[in-house]
Amino acid sequence: MEARPESLVKDWKAGTFHCAYYFIGEQAFAAQAVAQLRAILNPDTFNFAQFSGDIDPQAEAIVAEALTSPAFGPRRLIIVDNPKIPAKARAEFTRYLESPLETSTVVFFSDEKKIDPKDTLARAVGARGAVCLIKPLRDDEAQKRLQEEAKKLNKTLAPQAALLLVQEIGTDWTILRQELEKALLFSGDSPNIEREHVLQCLGYQKSADPFALPRLIQ
C-alpha cells in the first residue's frame, strides 16, 4: 500500500507496524519519519540493526537479521540506510519479502522523486508493508517550515528572510536547515533572524574569507 508519513506515525502510535517500509523522495523527511518509528518501537541493542555503505555484500546478512526472531522484545527493527540499493541486493530483499518474518520491520530508502512502476522492491514492499512517497516541498511550504524550525530554536524568522533562503537555495530541506543554523549565528543576540542576517550568511558562503564564521562563533 501507499501511505503518507503522518498516517504511518498515527499507526505506529496505535501499535500497528508492517514488516517493511520503503521511503521514496525527500531524504531529510524520510529520516525524520524513521527516527519517530525507532523512538516508538524503542528496540534494545538485541533487536536493532542498521546497515549503510555498500549494501550488496551485506544483503545476505540483512536478510538473516530480518529472519531472526526478536529477543526479549516484541519486534526487531532493521534499517537499510542507503538510498541507492544495487540490483543484486534489491533482488535479495524482494525474495525475502515473498515470505517475511512478521515480527521484523525492515526499512528501505530511495532518493528517486517518484515511484518507479518497474521497481520490484517497491512492489514487494507495497504488497507486504507500506511505500511512502515524500514529495519535495513547494516554495511556500519550505518557507513555513523554516519559520517553524526557527521557533524551535527560540528565534523568529522574518518572512522576507525565509523567502530569500528559499529563492537562493531551493527547497532541499537538508541544505535549508543547515543555512538556517548559519543565519541564526549571524543574528547574534537578536530574537529575530532578519533578511540582512541571511544576506550575511549567504555572503559568507560566497566570500573569500574562510575565517568569518569561526570568528563569529568565538
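**Aromatic contacts, buried positions and backbone outliers in a predicted model**

The charged end of Arg 38 is placed over the ring of Phe 48, at 3.8 Å from the ring centre. This arrangement belongs to a predicted model, and the values reported below were computed from its coordinates. Both Arg 38 and Phe 48 recur among the contacts of Leu 77, a residue of strand β3 that is treated further on.

At the level of the whole protein, the model contains ten helices and seven strands. Along the principal axes, the C-alpha atoms occupy a box of roughly 55 × 35 × 30 Å. The protein has 218 residues, of which 43% count as buried. Among contacts with a separation of 6 or more, 74% are made by residues 24 or more positions apart. The accessible surface amounts to about 11,800 Å², and carbon and sulfur atoms contribute 52% of this area. The protein carries 27 positive and 30 negative charges, and the mean positions of these two sets lie 3 Å apart.

Six aromatic pairs were found in a search of the whole structure. One of them is formed by Phe 93 and Phe 108; its geometry is tilted, with 5.1 Å between the centres and 40° between the planes. The two residues are 15 positions apart and the pair links distant parts of the chain, as Phe 93 belongs to helix α4 (residues 87–96) and Phe 108 to strand β4 (residues 104–110). Phe 93 and Phe 108 are both buried. Elsewhere, ring pairs join Trp 12, Tyr 21, Phe 23 and Phe 109 into a cluster.

Strand β4 also contains Val 106. With a relative accessible area of 2%, Val 106 falls under the 20% limit and is therefore classed as buried. Beyond residues up to four places away in sequence, Val 106 touches Cys 19, Ala 20 and Tyr 21, as well as Ala 66, Ile 78, Val 80 and Tyr 96. Tyr 21 is thus listed both as a contact of Val 106 and as a member of the aromatic cluster. Glu 60, by comparison, is 46 residues from Val 106 along the chain, and the C-alpha atoms of these two residues are separated by 14 Å.

Helix α4, which supplies Phe 93 to the tilted pair, includes Thr 94 as well. Thr 94 counts as buried because its relative accessibility of 17% is under 20%. When neighbours within four places in sequence are set aside, the contacts of Thr 94 are Thr 120, Leu 121 and Ala 124.

In strand β3, Leu 77 has a relative accessibility of 0% and so counts as buried. Its contacts, apart from neighbours within four places in sequence, include Leu 37, Arg 38, Leu 41 and Pro 43, together with Asn 47, Phe 48 and Ala 49. Thr 105 and Val 107 are also in contact with Leu 77. Ala 66 is eleven residues from Leu 77 in sequence, and the C-alpha atoms of the two are 8.0 Å apart. Ala 66 is one of the residues touched by Val 106.

Gly 25 lies in strand β1 (residues 20–25). This glycine is buried, with a relative accessible area of 5%. Not counting residues up to four places away, Gly 25 touches Ser 110, Asp 111, Glu 112 and Ile 134. Between Gly 25 and Ile 40, which are 15 residues apart along the chain, the C-alpha separation is 23 Å.

Two residues were examined for their backbone angles. Most residues other than glycine have a negative phi. Asn 42 is not a glycine, yet its phi is positive, at about 50°. Asn 42 is located in the loop between α2 (27–41) and β2 (48–52). Its relative accessibility of 61% is over the 50% limit, so Asn 42 counts as exposed. Phe 72, likewise a residue other than glycine, has a positive phi near 60°. Phe 72 is placed in the loop between α3 (59–66) and β3 (76–81). Phe 72 counts as exposed because its relative accessibility, 78%, is over 50%. The exposed state of Phe 72 contrasts with the buried state of Phe 93 and Phe 108.

Note on methods. Residues are numbered from 1 along each chain as its sequence is written. This is a predicted model: local features need pLDDT of at least 70, side-chain atom pairs count only at pLDDT 80 or more; totals for chains, interfaces and linings use all residues. Side-chain values use heavy atoms; hydrogens and water are left out. Helices (H or I, at least four residues) and strands (E, at least two) are DSSP runs, numbered from the N terminus. Buried means under 20% relative accessible area, exposed over 50%, partly exposed in between (1.4 Å probe, protein chains only). Contact means heavy atoms within 4.5 Å. Accessible areas come from the Shrake-Rupley method with a 1.4 Å probe; for residues, only the protein chains shown count as cover. Lys and Arg count as positive and Asp and Glu as negative; His and the chain ends are not counted. The place of a charge is taken as NZ of Lys, CZ of Arg, CG of Asp or CD of Glu. Rings of Phe, Tyr and Trp (its six-membered ring) pair if their centres lie within 6.5 Å; planes under 30 degrees apart count as stacked, over 60 as edge-to-face and the rest as tilted. A charge sits over a ring if NZ of Lys or CZ of Arg is within 6 Å of the ring centre and within 35 degrees of the ring normal.
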